[in-house]
Amino acid sequence: MGNNGVYQGVNKSGQKIVSPDYMLFEAPREKVFMTGSEAVKEAVKRASVDASVSYPITPQSEAAHLIGELWVEGYVGVYFRGESEFGVMSEVAGCSMAGARVITTTSGPGTLRAMENFPMWAGSRLPIQLVLMARGVNSPLSIQPDNLEISFLLDTGCMIWHAENAQELFDMILAGFVVAEKTDVHVPIITAIDGFFISHTRESIMIPPEDIALPPYNPYVSPTPIIDAEIAPGRYIKDPFVMKSNYISYATHASWQWEVRAAIERSRPYAKHYLRGLIEEFGDSEAELVFIASGTAASQAKEATRMLLDEGIKAKVVKVKSIRPFPHQELLEATKTAKYIIVPEFNVVGWLEREVRASFYGKSNATIIGTPRVAGGMTMPPEIIYRDALKILGKEVSYVL
Amino acid sequence: MSFNIYKVNEELREFMPPEILELEEKATWGNPKRGVMDLPYAKELLEEHSLCAGCPESDAFRYILASLPNPEDTIIVNSTGCTSLVFPQIALHTVHSLFGNQNAVASGIKRVLEYRFPNKVKDVVVLAGDGATVDIGLDCTLQSFFRQEKITTICYDNEVYANTGGQESGLTVKGHVFKMAPKGKQWDKVPMWQLAIDSGCHYVVRMTVSSPRRVEQAVKKAIYVAREVGPTYIHLYTPCILEIGRNSDEGLEEMKLGDKERFSFFEYMTPQAEEVIKRKKEEGLI
């Protein structure tokens with residue numbers, strides 16, 4: 001102990017253990033200039049991570065390399081390259097089942113290659129963290145920025161948070177372990193960013209000292225047995241539920257799927273605390289024009305809001321930090337003055353617009369418009385958002401694009 | 001020793017089903033010399049099973065579970081198929097996650113257990129069918145061999161996808177008519193034992209389960225070698241009597257035919273494996 005009781009012993013890497021609240025809110029921070037991938041490394045370094053398995057795919061490879069460096073430096077216990085994303089997501093499942101705090105990373109086609117594993121993670125109640133650096137999913141091949149893949153993950157039973165920038169990603173990775181490992185939650189956490197825009201660009205971020213770390217994972221808080229032969233096996237029954245056609249079997253499988261979704265719901269108070277809210281508001285609180293956006297689209301919408309203010313139009317951005325659980329109440333509250341809700345997105349399908357529409361149906365009178373849709377690697381200049389907003393309001397577009 | 005986890009809480013004893021009480025009282029724990037000769041006397045780690053009557057796979061399960069040298073610290077990883085129906089009835093820590101990822105899951109478990117318990121012996125054994133091992137899971141199987149994962153992989157080869165209704169598999173023999181090969185299989189059975197050797201396994205055996213003692217020997221050798229050296233592979237012929245038109249009491253006969261033909265006993269070991277096996281024999285453990 002020492003430092004007024006802030007430190008709680010040391011972890012396996014020799015770092016001083018601090019509480020999650022101290023790490024996220026109280027520890028002194030220093031400004032550094034780094035890429036999103038480097039921010040992943042700095043977060044993992046402070047997270048008492050036991051294991052990580054990697055596989056190359058652009059744009060997440062650098063983050064995976066840097067976790068490997070942490071393994072060499074003694075900050076991560078187990079690390080290797082798997083055979084494919086399907087293999088990797090199964091390997092990290094094994095690591096987690098055996099009681100490890102685990103992190104891995106992937107992107108685009110890798111996410112889809114691994115897909116079968118994500119509902120398995122959730123059903124097995126494994127609090128694995130997946131850092132998702134979104135990229136295009138398309139044929140012909142695209143490696144460009146695009147977050148279409150998040151739509152495929154919405155119903156996997158994993159929590160999903162979407163970071164706007166490297167700072168938010170750094171904090172979300174640390175908070176992600178803390179929330180996902182709560183006994184009454186204990187489901188996977190996907191911390192997503194828009195690949196390249198965040199992974200490959202440098203920005204100033206504030207980080208706490210490197211000699212402190214989160215408390216190590218205590219696997220025995222898991223609501224399901226850890227597979228380490230240290231505790232009694234979880235199941236030993238004469239009439240197993242697998243493939244049995246009877247109502248007990250149906251009820252078991254149905255209730256477990258509900259339970260996984262309920263576990264995500266139970267993450268709300270923890271996520272609200274450690275993320276400082278599931279949403280973030282920017283701009284005029286009474287605005288009739290509201291942008292709902294997540295990830296880098298929120299940054300661009302903020303710029304558009306500034307441009308609209310130059311025209312005398314008050315607008316507001318509501319950034320969605322948590323996609324699962326979805327902040328229904330917070331969004332309704334934050335848009336109660338809205339006449340128009342615009343949802344700009346970095347994908348062709350408009351998954352966030354769908355989420356907002358489904359959530360707001362019968363509860364909001366605002367007109368919801370999904371625009372612009374930017375995909376395949378194109379950027380989203382704020383001028384486009386600004387132009388679309390002016391058109392929706394029936395105003396003349398004065399900016400020259 | 002972790003077999004303490006099988007000790008029944010005194011306050012709950014009166015509510016425990018008899019098979020749980022028997023696990024504490026009559027199963028063989030803490031004795032690496034346990035084996036198939038205990039079967040008539042000891043409590044088995046398999047509580048009944050849900051396979052077909054006379055299924056040779058059920059013999060394999062009983063012999064393997066009776067032969068594990070360290071059951072109190074053994075994790076068994078399974079895959080989808082007939083074998084997955086049995087797993088909830090095994091009294092050890094078992095995992096079923098997906099179809100074909102068993103060796104990947106086992107790799108993660110083994111590495112983390114080595115990291116978390118550097119001073120304890122924890123054996124990880126994969127038990128899966130031929131579809132899981134050789135078809136859908138071949139990549140994960142071989143890659144775990146390439147990476148020299150210290151796990152034992154046991155393939156139950158019944159030469160067919162039995163649980164889904166009798167489809168041709170990679171281990172079906174050429175010419176055999178099964179569903180999805182209505183003109184007869186067009187190419188050869190995959191020589192998985194040879195792939196295991198070429199992919200870096202240190203102990204490989206191909207056999208039927210007609211002889212319980214021989215299964216015990218193979219399981220113990222494979223587990224001791226995996227513990228110290230690297231991946232090991234056991235290929236067992238466990239015919240699907242249902243799909244080849246045999247009766248419930250004809251499984252043993254079918255395997256004895258296999259002993260003379262396609263599944264004649266074949267054993268391979270590297271010099272490092274040989275050294276471990278020699279030492280364990282001297283210690284009286286094999």
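Begin by selecting chain B and colouring it by confidence: the mean pLDDT of this chain is 95, and 99% of its residues reach 70 or more. What is on the screen is a predicted model, and the scores for the model are ipTM 0.97 and pTM 0.96.

**Chain B as a whole**

With chain B still selected, switch to a cartoon view, in which 10 helices and seven strands can be picked out. The radius of gyration of chain B is 18 Å, close to the 19 Å that the globule rule gives for 286 residues, and the chain is therefore as compact as a globular protein of that length. If you turn the C-alpha trace of chain B along its principal axes, you will find that it spans about 60 × 45 × 35 Å. Colouring by burial is a useful next step, since buried residues make up 55% of the 286 residues in chain B. Of the contacts in chain B with a separation of 6 or more, 68% are between residues 24 or more positions apart.

**The sheet of chain B**

Now select the strands of chain B, which form an open sheet of seven strands with mixed pairing, in the order S2-S1-S3-S4-S6-S5-S7. At the edges lie strand S2 (93–96) and strand S7 (266–269) of chain B, each of which pairs on one side only. From one strand to the next, the twist averages 15°.

Next, zoom in on S7(B) together with strand S5 (residues 203–208) of chain B, where the two strands run antiparallel and are joined by four bridges. Which residue of S7(B) stands opposite Val205(B)? Labelling the pair will show that this residue is Glu267(B).

**Two helices of chain A**

Move to chain A and select helix H2 (residues 36–45), which is mostly covered, with nine of its 10 residues buried. Among these buried residues of H2(A) are Gly36(A), Ser37(A) and Ala39(A), and the list also includes the charged-name entries Lys41(A), Glu42(A) and Lys45(A).

Finish at helix H13 (residues 351–360) of chain A, where the residues to show as sticks are the buried ones, namely Trp351(A), Leu352(A), Glu353(A), Glu355(A) and Val356(A). To see what surrounds them, add helix H7 (149–153), strand S12 (289–293), strand S13 (315–320), helix H12 (328–334), strand S15 (340–342) and strand S16 (367–369) of chain A, against which the buried residues of H13(A) pack. Following the chain onward from H13(A), stop at Gly362(A), whose phi is positive, near 80°.

Methods: Residues are numbered from 1 along each chain as its sequence is written. Chains are lettered from A and ligands numbered from 1 in the order in which they are written. This is a predicted model: local features need pLDDT of at least 70, side-chain atom pairs count only at pLDDT 80 or more; totals for chains, interfaces and linings use all residues. Two strands pair if DSSP finds at least two bridges between them. Axes are lines fitted to C-alpha atoms, for helices over the stretch in contact, and angles run from 0 to 180 degrees between N-to-C directions. The radius of gyration is taken over C-alpha atoms; the globule rule is 2.2 Å times the number of residues to the power 0.38. A residue is buried if 20 or more other C-beta atoms lie within 10 Å of its own, exposed if 12 or fewer, and partly exposed in between; C-beta atoms are placed from the backbone. Two residues are in contact if their C-beta atoms, placed from the backbone, lie within 7 Å. pLDDT is the predictor's confidence in each residue, from 0 to 100.
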